[in-house]
Amino acid sequence: MPGIRSLLCLLVLSVASVVSAEGRPNILFIIVDDQSPFDLKTYNPDSILQTPTLDRLAAQGVVFDGAYHMGSFSGAVCTPSRHMVMCGRTLWHLPNAPQAIKSGLCPQGLEASTLAAVFNQAGYTTMRTCKKGNSYEGANKQFTVRHDATKRGGTPETGSAWHAEQVLNYLDERAQSRDKSPFLIYYGFSHPHDTRDGTPELLEKYGAVNHADKGSLPPANPRQPALPTNYLTQHPFPHGHPGLRDEVAVSGVWEKRDERTIRNELGRQFACDENIDRQIARVLDRLREMGELDNTYIVYTADHGMAIGRHGLQGKQNLYEHTWRVPLIVSGPGIPQGVRRQGNVYLLDTLATLCDFAGIDPPESNEGLSYRPVLDGERETIRDVLFGVYCGGTKPGMRCVRQGPWKLIKYDVLDGTVRQTQLFHLGENPHEFLTQHADSALAPQLNYSLAQTQRNLADDPSYAAKRAELEALLLSEMRRLHDPYRLWDQPDDGLPPMTQPEQKPKRKQRNKDGK
């Protein structure tokens with residue numbers, strides 16, 4: 001009898017889950033790999049990138065001007081970023097964070113409380129397509145339907161269209177089986193991460209070529225995107241990660257920062273971006289045909305931003321706005337249309353927000369906040385302070401903090417030989433211009449005349465009080481979030497020294513996808 005009662009209880013719980021799922025909305029979560037918000041016309045009106053699908057989503061929903069990823073302790077910035085999306089935990093509380101599980105900052109068995117697992121338990125069907133690797137495998141395994149592969153080529157079989165096909169096939173199977181349960185689709189793309197091999201048509205549109213000869217420059221073409229507003233030929237000081245792949249080994253760029261190389265690479269990026277936009281349109285069209293679109297929340301974002309010439313950098317291992325920020329556009333049932341919000345959200349708020357959309361309680365392990373109150377216009381932001389980390393190179397690395405328009409970045413790298421502080425007023429200096437941007441030797445194509453506040457204000461005595469205020473705020477955030485490092489001008493708080501992993505011998509050549 002006890003066995004029968006247990007079976008009956010399980011049956012009742014299963015039926016209750018299905019019944020409670022009826023009427024719940026669908027969720028389409030779209031995430032791209034390595035895209036600065038400033039690629040998009042929604043964030044940069046001067047951009048020549050054409051993304052009509054995303055433009056429509058923005059017009060039909062809410063655009064966030066303050067969406068960020070918290071950072072990385074690895075050169076593969078996407079890995080902790082995607083962990084945060086899946087589990088809703090802060091950077092140093094992730095299962096792959098240094099010593100987090102050992103020190104009790106992250107519970108064991110967290111996979112059972114990640115995105116797909118939570119929605120499976122609530123009666124949703126969960127489907128995923130994305131790149132392989134550099135993500136949270138334990139969470140990825142929770143999806144009931146999964147088709148992952150790294151696709152960064154320029155054909156339908158080798159590029160972004162492949163990911164679209166996986167979603168379309170799933171929707172066809174759903175229609176054929178008359179599945180009425182709500183769905184959560186994790187629609188991920190491998191592009192525009194390098195190698196940025198665009199389709200021939202879109203490469204021609206943006207005047208770019210898939211340049212692969214390190215000994216020559218790509219051809220100049222007037223159709224290519226213009227240089228970024230904050231372009232430099234080199235960063236003013238070492239970024240602190242010697243030999244970093246993204247800064248020295250990306251095919252088509254390598255260590256070059258000249259105008260022809262950067263504009264060609266931006267053209268390749270834009271070709272990949274527009275192709276992604278077209279593949280999103282295919283899925284939205286199918287949802288509309290199925291009568292599912294009006295009951296579907298759509299979230300569009302990226303795992304982090306990207307430099308490609310901005311501030312003389314190429315990769316994602318920095319804390320400037322072009323790389324620390326991510327695009328975030330949300331539309332769906334009851335969402336206001338054509339609205340912009342600051343938000344002050346992190347990618348780690350994804351789990352809480354999607355649960356809010358579905359009427360599901362987030363798991364106890366979640367540390368993120370739902371930004372539904374911002375979408376509904378009840379609040380402009382969900383937090384006052386934003387914190388960022390990059391320490392995938394030499395330690396302790398870079399840290400930043402933002403409050404209102406003020407932002408502080410600190411660098412403590414290369415065994416203390418580089419210790420720099422930057423202070424920006426983003427209201428007056430949104431591009432984070434440095435004095436070097438007025439130097440014709442470092443920014444010869446731009447020829448800027450900068451206002452007094454359009455520069456690094458850290459060493460200006462007029463802003464000493466603001467710098468001290470933000471430095472105290474930064475230390476407070478580092479303590480609150482269990483950052484295991486301290487910078488040169490901070491108290492050590494008695495923290496034990498972090499052991500550094502043994503360096504692996506460098507391989508002579510990475511594979512095409514940089515893994």
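This passage describes a sheet, the helices that pack on it, and several residues with unusual backbone geometry in a predicted model.

The sheet is open and contains 8 strands. Their order across the sheet is β6-β5-β7-β1-β8-β9-β2-β10, and the pairing is mixed. Strands β6 (145-148) and β10 (339-341) form the edges, each of them pairing on one side only. From one strand to the next, the twist averages 10°.

At the β10 edge, the partner strand is β2, which spans residues 62-64. These two strands pair in the parallel sense, over 3 bridges. Within this pairing, Phe64 stands opposite Arg341 of β10.

Helix α2, made up of residues 52-59, packs on the sheet. The strands touched by helix α2 are β2, β8 (296-302) and β9 (328-331). The direction of helix α2 makes an angle of about 65° with that of β9. A further helix, α6 (residues 160-177), lies across β1 (26-33), β5 (125-130), β6 and β7 (183-192). Relative to β7, helix α6 runs at about 165°.

The backbone was also examined for departures from the usual geometry. Most peptide bonds are trans, and most residues other than glycine have a negative phi. Against this background, a cis peptide bond joins Asp194 and Thr195, with an omega of about 5°. Thr195 is found in the loop that connects β7 to α7 (200-205). A cis peptide bond also joins Lys395 and Pro396, where omega is about 0°. The position of Pro396 is in the loop between β12 (385-390) and β13 (397-403).

Positive phi values occur at Leu414 and at Asp493. For Leu414, which is not a glycine, phi is about 55°. This residue is located in the loop between β14 (406-413) and β15 (418-425). The relative accessible area of Leu414 is 22%, so this residue is classed as partly exposed; the buried class requires a value under 20%. Asp493 is likewise a residue other than glycine, and its phi is near 55°. Asp493 lies in the segment that follows α13 (464-480). With a relative accessibility of 35%, Asp493 also counts as partly exposed, because the exposed class begins over 50%.

How values were computed
Residues numbered from 1 in each chain as written. Predicted model: local features only at pLDDT ≥ 70, side-chain atom pairs only at ≥ 80, totals over all residues. Heavy atoms only, no water. Pairing = 2+ DSSP bridges. Helix = DSSP H or I, 4+ residues; strand = E, 2+ residues; numbered from the N terminus. Axes fitted to C-alpha atoms, helices over the stretch in contact; angles between N-to-C directions. Contact = heavy atoms within 4.5 Å. Buried < 20%, exposed > 50% of the residue type's maximum accessible area, 1.4 Å probe, protein only.
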